[in-house]
Amino acid sequence: MGSDAGGPDPARITDVAGFVREVDLLRRQAARGTGKARVSLTELARLVDVPRSTVHAYVSGKIHPPSDVFDRIVIALGVPRTAWASWNEAWFRVAAHLHTEKQAAPPRQLPLDVAGFVGRERELAALDELVSGSPGTRVALVTGMPGVGKSALAIRWAHRAAGRFPDGQLFANLRGFAEAPPADPVDVLSGFLRALGTAERETPREADRLAASFRSAVAGRRLLVVLDDASSAEQVRPLLPGSPGCAVLITSRTKLVGLVAREGAVPCELGPLGTDDAVALVRHAAGPDRVDADPAATAELAEACGRLPLALRIAAANARVRPGLLLSAMVEELRSADPFAVLDAAVDRATAVQNAVALSYRALNAPAQRVFRLLGLFPVDGIALPALGAAAELEPESLAPVVGTLLDMHLLFERTPARYSQHALLHSWAKRRCLAEDAGDVRDSALQRLISHYAGLATEAAQLRHPRPYREKYASARSGGASFATAGEALTWFDVEFATLSTLTRQAAAAGLHALATQLCVALHFEFERHRSAEWLPVSEAALAAARVAGDAAGQVLCLRVLSSAYWSRSDHAEALRHLDEAGKLADELDAPDLRGIVLSDLGRMSISVGRLHDAAGHYRRALDLELAQGGVASIPNLVVLGDVLWELGELAGAYALQTQAIETAARQGYAAGLQLAESHAGRPSQALGDLERAVEHYRTGLGLCRSAGEHADEASVLANLAGALRDLGEYEEALATARDALAKATRLGMRRTQAGAHHVVGTVMLELGRIDEAETALESALDLSREASHPRGRGDALVALSAVHLRQGRLDEAYDRASQALVLGEETGHGLIRAGSLLAMAAVELERSESGAARAHAERARALHGQAGCRLGAARADAVLTSLPSARR
């Protein structure tokens, strides 16, 4: 074959392009004299016995022909035998060139690693486990809400694990939730194949053939594939390799349950960073000097950003570029204004937090968008599924798919079964969209439906736990059925919904729904007492303000009571009494005996606290008379607390009679909370009467009921009282352990009266054990706490016990002074047992001073008071003093 200029020459062939050019010249040469430009594909196909389309692929360079087929082409086109070897060598040169193309450097497509990456150690370890797990293609799925750091985690781990995949790392942004359209798997696969060395001319165009070619190309390789921001399982499936040496890491805002079910993807759901990690991220991004200058503000900034990595990075970047801005000022901006406006003011659209959320929102269908917006109006603490259905006016069968969509998109979270909440930043964004897209009357109606739903349930639950006639009488919303089978279920519901109910009470008040605000406030009264919640005061103030604006006198009485109790729990007796006085006047103006009766009961409790025992007894007796006059029965709380008053006055037999009556009534009514109250309090007169075993039995019965009902405050009080009875029985070690348990619980709940009582037991036990210094420390604490709490009985008990301590220390003047202070207190308040105890303490000092006459006089007065009260323990102590006097004759 010649190599004339313009003729075919195999020596010029070095690559595919040269191959195509020289074969075309060969076809032209072979057609000379035939009147055709070149040998046709049809004719050539007939000559070599290969389909025309295949011949076209060969001569156009799309596919390199097998060597034997190329030999037949050369012969068919008239190449002389002497030139066959040259054309064969040309074929091998092209084949070698193609092989070299395919053996290109392994792809390294991972984006830049994330600077300042912190935390996520558990998730990184889980991904490590995937690589070292069982054979087979390994697929991990990282999901989470917008801005939570899915891509950052995936890229960080991929860089960390790159050495385990020597054949390369492929990366594709699938744009599942982006401004641009989602990536087409065909385009992604074409890019992957080119990166793996497949020439573009050899890359198929059909999706199925592309996927098959990709699986062939990665077969036998150890390769990592990172697929970021996937929209669906359908988008991902064609991109999965089939080789056991490969691993796939997918990120998505949706849960992609289909991949988990069919392909066995291992899910890894990301939540916000922990507090320490969030602070560490701010420290890295804003600079350690800014953080170290105000660590408290940094922690607050982390919370204001919801510990969401994207928000934290933007906030920290703002802090870095604005060195004069204090972190505390940034926190204030975030809390007082739209957090998205503050965060995104200086960043591009692609970086903005609100843009990330908006992309997810736009992917929702209309019903899901509506429910998502409404959630922004409701408490961020969470909402139960039936409540959401009531607010959105959706039946369960319509609500379920909507909630499922929001859960799948991580725009809603199921913290406990059938109870849902939003991340704080999502909640803020949803509220903003609701205000922008939904009419005012639509928003108001939805909120009212939600509050009515919860108010009805709260009243039903409260009635199961602590039935009160006034609660149902003044309720404006009903639950519509038996929602709770037992009081225990009602208690559990209150524990779960407490924060939501508190928030809804405020929302009702702010929205002018005064009747619902009052109803919720009243239903929460006992829960406020049980939790000793910081919300007690502001929530009841909000409800009262709404009732005042509406001119609802009955609502004002009910809210004033709750507010007064809040002040009472803080030992602010003046404010508590002021509110009760106002409530009493309003009840009288309304001529409402039921309201007047509950105000009298509260006045009785207040009078006990400030040491006006006779006034307290009068209030409770009038309250009981009103109950009976209205055709009812004496309420258990009034019976029990009137018994407490008589106990404090030293009328022990009468006190015990009232409390045993309360026990019998509660048992007959099946009223568990009333039985718990009565049993717990009946131990006190039993103890003072000297029936210590029965007292312990009462306390332990009450304690068990407290624990089963979740009454933590009452539990602490009963423990302190039980400790005192155990001390009187001589069970000192058990008494100490019980008192310390009471002290720990009371301290956590901020119950200063109970703290004082527990310290008193510890001190008196230490005195019995001869550990005088420890006794003094504990009793001084009891005295200080009683003063802070304006608790006369606690002060009197502590003063009497400290007198005994000082007597043992030989500090007789101080001992006498303490006892004298206790006597004055007891005479002012009417505390009969404190008077008796102080007189006996004075007699003990006088006995030590050899002042026998004075000692006998005081001991005899103490003996008379104890005898009148029926207090056998006190009488025995007085007898012991009298017996020890030199000329005693008894």
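A nonpolar core is a set of buried Ala, Val, Leu, Ile, Met, Phe, Trp, Tyr and Cys residues joined through side-chain atoms within 4.5 Å; buried means under 20% relative accessible area, exposed over 50%, and partly exposed in between (1.4 Å probe, protein chains only). The model is predicted: local features need pLDDT of at least 70, side-chain atom pairs count only at pLDDT 80 or more, and totals for chains, interfaces and linings use all residues. Residues are numbered from 1 along each chain as its sequence is written, and side-chain values use heavy atoms, with hydrogens and water left out.

Q: Which helix gives the largest share of the largest nonpolar core?
A: This core holds 149 residues, and Trp 157 and Leu 406 are among those that touch the most other members. Helices are DSSP runs (H or I, at least four residues), numbered from the N terminus. The largest share, 11 residues, comes from helix 28 (residues 553-569).

Q: How many residues does the second, separate core have?
A: Its members include Tyr 699, Ala 735, Ala 742 and Ala 775. The size of this second core is 35 residues.

Q: Is Arg 530 buried or exposed?
A: The side chain of Arg 530 forms a salt bridge (side-chain nitrogen of Lys or Arg within 4 Å of a carboxyl oxygen of Asp or Glu) with that of Asp 495, at 2.6 Å, N to O. Arg 530 lies in helix 26 (residues 514-531) and Asp 495 in helix 25 (residues 487-510), 35 residues apart. Asp 495 is partly exposed at 37% relative accessibility. With a relative accessible area of 1%, Arg 530 is buried.

Technical notes: Helix = DSSP H or I, 4+ residues; strand = E, 2+ residues; numbered from the N terminus.
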